[in-house]
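Let's take a walk through this one, looking at where empty space is left and how the parts of the chain sit around it. Have the model open and follow along.

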Amino acid sequence: MQVTLKVMRYDPNKAAKPGWVSYQVEAEPMDRVLDLLHKVKYFQDGTLAFRRSCGHGICGSDAMLINGKNQLACKALVKDLTKKAGDTITVEPLRGLPVKKDLVVDMDPFFDAYRAVKPYLINDEPPPDRERLQSPEDRARFDASTKCILCAACTTSCPVFWVNGSYIGPAAIVQAHRFIFDSRDRGARERFQALAASTGVWRCRTAYNCTEACPREIPVTQAIEEVKRAILYDKF
């Protein structure tokens with residue numbers, strides 16, 4: 001069937017503001033939005049800019065606003081976005097981050113927040129003879145947080161982030177959660193410095209947008225609340 005792919009396009013070197021451009025694309029129900037973008041770029045307009053890498057929902061590079069919701073273009077199917085031939089699928093860049101061109105946004109602010117929470121194991125204790133062991137129960141404590149693919153879908157769906165771009169954001173808090181609740185880690189209080197700042201976790205207003213946007217079904221809001229409690233009670 002034919003669908004209309006309506007893309008928000010913007011080249012800051014050529015235009016003063018973004019604008020919609022529509023393309024007629026032949027599609028199968030099981031085609032992904034990423035497939036439609038490829039068809040446009042390869043056969044209709046080679047100037048269209050977007051990010052993608054693995055194409056299998058693992059790299060997180062093709063997150064964008066599809067029919068008004070943050071999704072991965074490689075996972076969003078035509079059959080789930082249309083009811084009949086000729087329907088329109090809208091595609092826009094993620095909100096809250098500067099647009100470099102078309103669907104490509106500047107991810108530097110996002111990764112600055114990610115680095116601020118020190119997303120790596122911190123343990124200065126003398127290492128054991130072998131690896132640092134951990135029980136299955138201890139590992140399960142932070143299992144959900146390990147599934148984050150840094151696609152920024154959660155952070156850019158957050159109304160607090162839209163208003164205040166300096167907010168550390170849900171994704172960074174999830175990354176902090178992964179290590180704060182790791183029984184082998186000793187760096188929780190170092191992370192609390194960034195998380196407890198005025199732009200940290202307390203900016204969250206529990207809107208649940210982040211949880212709904214996550215393509216990996218991570219309970220993001222729950223992780224944020226657990227980090228808040230960890231800072232409050234600081235039992236580490």
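A word on terms before we go in: on a 1 Å grid over the protein atoms alone, a cavity is a set of points where a 1.4 Å probe fits but cannot get out, a pocket is an open set with protein on both sides within 12 Å along at least five of seven lines, and lining residues have an atom within 4 Å of a point. Grid points are joined across faces, edges and corners, and a volume is the space filled by probe spheres set on the points. Bear in mind that this is a predicted model, where local features need pLDDT of at least 70, side-chain atom pairs count only at pLDDT 80 or more, and totals for chains, interfaces and linings use all residues. Residues are numbered from 1 along each chain as its sequence is written, and side-chain values use heavy atoms, with hydrogens and water left out.

Start with the overall layout. The chain splits into domain 1 (2-105) and domain 2 (108-235), with bounds that come from an automatic or database domain assignment. Taken over C-alpha atoms, the two domain centres are 29 Å apart. In the contact (heavy atoms within 4.5 Å), 12 residues come from domain 1 and 13 residues from domain 2. Together the domains bury about 1000 Å², 63% of it on carbon and sulfur atoms; buried area here is the accessible area (1.4 Å probe) that two parts lose on being put together, summed over both. On the domain 1 side, Asn70, Arg95 and Leu97 supply 44% of the area buried against domain 2, more than any other three residues.

Asn70 turns up again at the largest pocket, which has a volume of about 390 Å³. This pocket has 19 lining residues, and the closest to its centre are Lys69, Asn70, Gln71, Glu212 and Ala213. Two elements give two or more residues to the lining, β4 (69-72) and α8 (209-213), and β4 has the largest share with 4 residues. (Helices, H or I with at least four residues, and strands, E with at least two, are DSSP runs numbered from the N terminus.) Each domain contributes at least three residues to this lining. By class, the lining has 8 nonpolar, 6 polar and 5 charged residues, where Ala, Val, Leu, Ile, Met, Phe, Trp, Tyr, Cys and Pro count as nonpolar, Asp, Glu, Lys and Arg as charged, and the others, Gly among them, as polar.

The second largest pocket comes to about 160 Å³. Among the residues that line it are Arg9, Tyr10, Asp11, Lys101 and Asp102, and its lining has 3 nonpolar, 2 polar and 6 charged residues.

Now for the enclosed spaces. There are 2 cavities of 30 Å³ or more. The largest holds about 100 Å³, and of its 14 lining residues, Cys148, Cys151, Cys154, Cys214 and Ile218 lie nearest the centre. That lining has 13 nonpolar residues, no polar ones and 1 charged.

The second largest cavity holds about 90 Å³. Its lining has 13 residues, with Cys158, Cys204, Thr206, Ala207 and Cys210 closest to the centre. Both α5 (159-163) and α8 supply at least two lining residues.

Thr206 and Cys210 also lead us to a last stop, since Thr221 touches both of them, along with Tyr208 and Thr211, not counting residues up to four places away in sequence. Thr221 lies in helix α9 (residues 220-233). Is Thr221 buried or exposed? It counts as buried because its relative accessibility is 2%, and buried means under 20% relative accessible area, with exposed over 50% and partly exposed in between (1.4 Å probe, protein chains only).
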